[in-house]
Amino acid sequence: MNNKANLSIVEYFGSDKGHKCGYCKGSKSNLSHGMWAHTMNVEDYESLINRGWRRSGHYCYKPIMKLTCCPQYTIRCSTNNFRMSHSHKKILKKMRNFLSKDADSAFATNCSSKAPIGKPSSVGSQTLPKTLEDYLEEEYHNPFNKLEIKLVDPTSSEFKKTMSSAYKLYVKYQIHVHHDKEEDLSTEQFERFLVKSPLQKSSKKNGPYTGYGTFHQQYWIDGKLVAVGVIDILPTCLSSVYFFYDPDYSHLSLGTYGSLREIAFSRQLGLSDPNFCWYYLGFYIHSCPKMFYKGQYKPSFLLCPETYTFQPFEECVIKLNRNKYSVLLEKTGDVYEDESISKVGILYRRQAATFDVYSLRQKVEEEEVKEVEEYAMLVGRSSSNRMLLYRS
């Protein structure tokens, strides 16, 4: 086995007993498999999200699609080919007007001195549509309210200085938007959910200048923290973990604005690495109308729960309209995956080994074999061979 420090170490818990669904409010109907990631390299985590896993702090979970009341499909958007909707443009203009010298007259002033906003710009004799970056650049002309976006490492001293402001904003958001109880929103809960991360910091030549790992994007307006986006920067994508904002600024549609900013940031990071071209928006639930907005980030793709391939969103919707759980790409022929668990990585008594070696040293019951088989099937054979499964 490879004993390098960047190995991923996980502890598999199996399936849970279900809990009240936050989408349809069903009782004990949201089921998932779970495991604790003690530490994880970014390559392994990206492989996991491409098999339907997602993390909440160190806890990783994979919905049991066939049994849950609201099937959750991993959704991602191509950043290279991103196309803004009309509503996206309106939100960007709204933020520009808010940041302008005079929010009431800025739009009229700009229109009288420039070509009308939203119309294509001309390059020579060719007319080109305005890009996302074009819209964002307009925010910095004649600013009255200053917007500053800071990328912060949650393990840094800089983050510690702003931790109190971020926590207070989180509490305000959870109470007003999600109607949580204040007594349930401790600093420990905030840190466990959004600050602590199993992802190991790393970098590579010609990779994103930020390196890889977990970051907080802080949105400051005139020195006041108004929103925070928690993101994971992975080898080929930016994965949105969570976004919270000040409800007093809800008129700016900060949730959507934050997503557009994250797409623009992804495109910027992709300039140094052409393989960095995806933006992950978490899960899409077709039976939940509140989730429909995710399909507006085009072109988008949903992960098939059985073939683990991404399929065009528009094609998936046709199937999901008929059945809330649907195989998005039918299997053709035999899809071979080695069923042997002999090479599954194991961590036992601080020693790394393969499962076949571990089973020679330690008596293994049939129940444990079944558990390791289930784990390997859920994370994927290649990932199970790379990662270390903790055994007590």
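Helix axes are lines fitted to C-alpha atoms, for helices over the stretch in contact, and angles run from 0 to 180 degrees between N-to-C directions. On that basis, the axes of helix H5 (residues 157–177) and helix H6 (residues 187–195) come within 11 Å and cross at roughly 105°. The structure described here is a predicted model. This briefing covers its helix packing, a mixed sheet of seven strands, two cavities of 30 Å³ or more and the second largest pocket.

**Helix packing**

- Angles of 65 to 115 degrees count as roughly perpendicular, and H5 and H6 are therefore roughly perpendicular to each other.
- On the H5 side, the contact with H6 involves Phe159, Met163, Ala166, Tyr167 and Tyr170. These residues meet Thr187, Gln189, Phe190, Glu191, Phe193, Leu194 and Val195 in H6.
- By class, the contact of H5 with H6 comprises nine nonpolar residues, two polar and one charged.
- A second helix pair is formed by helix H2 (residues 86–99) and helix H7 (residues 254–269), which pack at an angle of about 100° with their axes 10 Å apart. H2 is thus roughly perpendicular to H7.
- H2 contributes His88, Ile91, Leu92 and Met95 to this contact, while H7 contributes Leu254, Thr256, Tyr257 and Leu260.
- The contact of H2 with H7 has six nonpolar and two polar residues, and no charged ones.

**The seven-stranded sheet**

- Seven strands form an open sheet of mixed pairing, in the order S3-S4-S2-S1-S17-S15-S16.
- Strand S3 (54–56) and strand S16 (351–354) stand at the edges. Each has a single partner strand, so one side of each is left without a neighbour in the sheet.
- On average, and with direction ignored, neighbouring strands of this sheet are turned by 35° against each other.
- Strands of a sheet pair through backbone hydrogen bonds, either parallel or antiparallel.
- Strand S1 (residues 9–15) and strand S2 (residues 32–39) run antiparallel and are joined by six bridges. In this pairing, glycine 14 stands opposite glycine 34 of S2.
- S2 is also joined to S4, again in the antiparallel sense, by five bridges. Here glycine 34 stands opposite tyrosine 61 in S4.
- Glycine 34 therefore appears in both pairings, opposite glycine 14 and opposite tyrosine 61, within the bridge-based pairing of strands.
- Strand S15 (residues 345–348) and strand S17 (residues 388–391) pair in the parallel sense over three bridges. Leucine 347 has tyrosine 390 in S17 as its bridge partner.
- Helix H10 lies across S1, S2, S4 and S17, and runs at about 105° to S1.

**Cavities**

- Rolling a probe the size of a water molecule over the atoms shows where empty space is left.
- The count comes to two cavities of 30 Å³ or more.
- The largest cavity has a volume of about 80 Å³. It is lined by 13 residues, of which Gly52, Met65, Gln72, Leu303 and Pro305 are the closest to its centre.
- Strand S4 (59–63) and strand S5 (73–78) are the elements that give two or more residues to the lining of the largest cavity.
- By class, the lining of the largest cavity has eight nonpolar, three polar and two charged residues.
- The second largest cavity has a volume of about 60 Å³. Its lining consists of Ile49, Trp53, Arg54, Thr74, Ser239, Tyr280, Gly282 and Phe283.
- Strand S12 (residues 278–284) gives the most to the lining of the second largest cavity, with three residues.
- The lining of the second largest cavity divides into four nonpolar residues, three polar and one charged.

**The second largest pocket**

- The second largest pocket has a volume of about 710 Å³.
- Of the 20 residues that line this pocket, Arg51, Glu306, Tyr308, Lys331 and Met377 lie nearest its centre.
- S4 and helix H10 (366–379) are the elements that give two or more residues to the lining of the pocket. The largest share, three residues, comes from H10.
- The lining of the second largest pocket has nine nonpolar, two polar and nine charged residues.
- S4 is thus named both for the lining of the largest cavity and for that of the second largest pocket, with elements assigned as DSSP runs.

How values were computed: Residues numbered from 1 in each chain as written. Predicted model: local features only at pLDDT ≥ 70, side-chain atom pairs only at ≥ 80, totals over all residues. Heavy atoms only, no water. 1 Å grid on protein atoms, 1.4 Å probe; cavity = no way out; pocket = protein on both sides within 12 Å on 5 of 7 lines; lining within 4 Å. Points joined across faces, edges and corners; volume = space filled by probe spheres on them. Helix = DSSP H or I, 4+ residues; strand = E, 2+ residues; numbered from the N terminus. Nonpolar A, V, L, I, M, F, W, Y, C, P; charged D, E, K, R; others polar. Parallel < 35°, antiparallel > 145°, perpendicular 65-115°, else oblique. Contact = heavy atoms within 4.5 Å. Pairing = 2+ DSSP bridges.
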